[in-house]
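These are my notebook entries on one structure. I looked up backbone angles, charged pairs, helix packing and confidence, in that order.

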Amino acid sequence: MITLVSLLSVDSIFYNPQNKADITTAVRQKFYNRTSDHVTLVRVYKSAEENNFSPDWCQRHYLNLRALQTAANVRKQLKQICKKIGVPLISSKKWEENICSALLYGLLDNVAVRQPDSSYVSLSNRQQAKLHPSSVLCQLSLESAPEMVVYNEMVLTSANYLRTCSVVETSWYQRLVSLKGQDVCVMRLCGAQCSSYVTSRDVVYNIVFLRFGRGTILCIQLEFKTCRIRSHA
């Protein structure tokens, strides 16, 4: 999750030259997760890291090397902060699934539901928007289009777009909405804002909030080793 937060804290890692949309899509196919732009970003970063952020490799895949290097630096600093305050960093084999569920928890106000005309309506502000053309979700057929998505930002222009999206299950959303009503006890810990609260039965969440760069808040769920993010303008 720290990798994703780092990537969302920098400029786009994708370089999209004009009139080469088909080419860029073809060379990046191996990175795409059909249901998540967020997972796709992390996949790209992992591959770039495995190739030592090679300029030639990045050029072949139409990637912004400077943005990837900046993300790597941000990631390094975030890891140092987590180590300083005693937050364990544990990877999971199910990291792709965990990212989507954690994003929903952190961005619960950024959930949109599909409409009959294939557009989406945000549940928080009732704004109507379409998936951004750059989203991997746009490659899905109309029959496979997701009923609910969580998005990183809504771009308000002459046409509204949801940028950087992931598919979420309706059941996840319903469960988390019910948990949001729980009382939260807030305290300060090592310069970070930490909260602990019981959400249901024996489920206890211990979350550390880290403010980093561009207003990004990294939230790490200690018990279950999942994280959440919330980006602010």
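**Entry 1: Ser118 and Thr164.** I began with Ser118, which is partly exposed at a relative accessibility of 29%. I should record at once that the model is predicted. I placed Ser118 in the loop between S1 and strand S2 (120-122). I looked up its phi because most residues other than glycine have a negative value. For Ser118 I found phi near 75 degrees, which is positive although the residue is not glycine.

I noted a second case at Thr164, where phi is near 60 degrees, again positive in a residue other than glycine. Thr164 belongs to strand S5. Is Thr164 buried or exposed? With a relative accessible area of 16%, Thr164 is buried, because the cut-off for that class is under 20%.

**Entry 2: salt bridges.** I then searched the whole structure for salt bridges and obtained 2. Side chains of opposite charge can pair when their charged atoms come close.

I recorded Arg114 with Glu147, for which the closest N and O atoms are 3.7 Å apart. Arg114 sits in strand S1 (residues 111-114), and Glu147 sits in the loop between strand S3 (128-131) and strand S4 (148-155), so this pair ties together parts 33 residues apart in sequence. Glu147 is partly exposed, at 48% relative accessibility.

I also recorded Glu153 with Arg163, whose closest N and O atoms are 3.4 Å apart. This pair links strand S4, which holds Glu153, to strand S5 (residues 161-167), which holds Arg163, with the two positions 10 residues apart in sequence. I looked up both accessibilities: Glu153 is partly exposed at 35%, and Arg163 is partly exposed at 30%.

**Entry 3: helix packing.** Two packed helices are described by the angle between their axes and the distance between the axes. I looked up both values for two pairs that involve H3.

For helix H3 (residues 37-50) and helix H6 (residues 95-106), the axes come within 9 Å and cross at roughly 135 degrees. H3 and H6 are therefore oblique to each other. I noted the crossing of H3 past H6 as right-handed. Which residues of H3 meet H6? I listed His38, Val39, Val42, Arg43 and Lys46 of H3, which meet Trp95, Glu96, Ile99, Cys100 and Leu103 of H6.

For H3 and H5, I found an angle of about 95 degrees and axes 11 Å apart. H3 and H5 are therefore roughly perpendicular. From H3 the contact uses Tyr45, Ala48 and Glu49, and from H5 it uses Leu68, Ala71, Ala72 and Arg75.

**Entry 4: Lys76.** I stayed with helix H5 (residues 65-84), which also contains Lys76. Lys76 is exposed, with a relative accessible area of 52%. I compared its position with that of Ile2: the two are 74 residues apart in sequence, yet their C-alpha atoms are 9.2 Å apart in space.

**Entry 5: the whole chain.** I closed with totals. The protein chain has 7 helices and 10 strands. Of its 233 residues, 46% are buried. Among contacts with a separation of 6 or more, 58% join residues 24 or more positions apart.

How confident is the prediction, taken as a mean over the chain? I noted a mean pLDDT of 76, with 76% of the residues reaching 70 or more. Residues 182-233 have pLDDT below 50, and this stretch has 136 contacts in the model beyond near neighbours in sequence.

Key: Residues numbered from 1 in each chain as written. Predicted model: local features only at pLDDT ≥ 70, side-chain atom pairs only at ≥ 80, totals over all residues. Heavy atoms only, no water. pLDDT = per-residue confidence, 0-100. Contact = heavy atoms within 4.5 Å. Helix = DSSP H or I, 4+ residues; strand = E, 2+ residues; numbered from the N terminus. Buried < 20%, exposed > 50% of the residue type's maximum accessible area, 1.4 Å probe, protein only. Salt bridge = Lys/Arg side-chain N within 4 Å of Asp/Glu carboxyl O. Axes fitted to C-alpha atoms, helices over the stretch in contact; angles between N-to-C directions. Parallel < 35°, antiparallel > 145°, perpendicular 65-115°, else oblique. Left-handed = near helix turned anticlockwise from the far one by under 90°.
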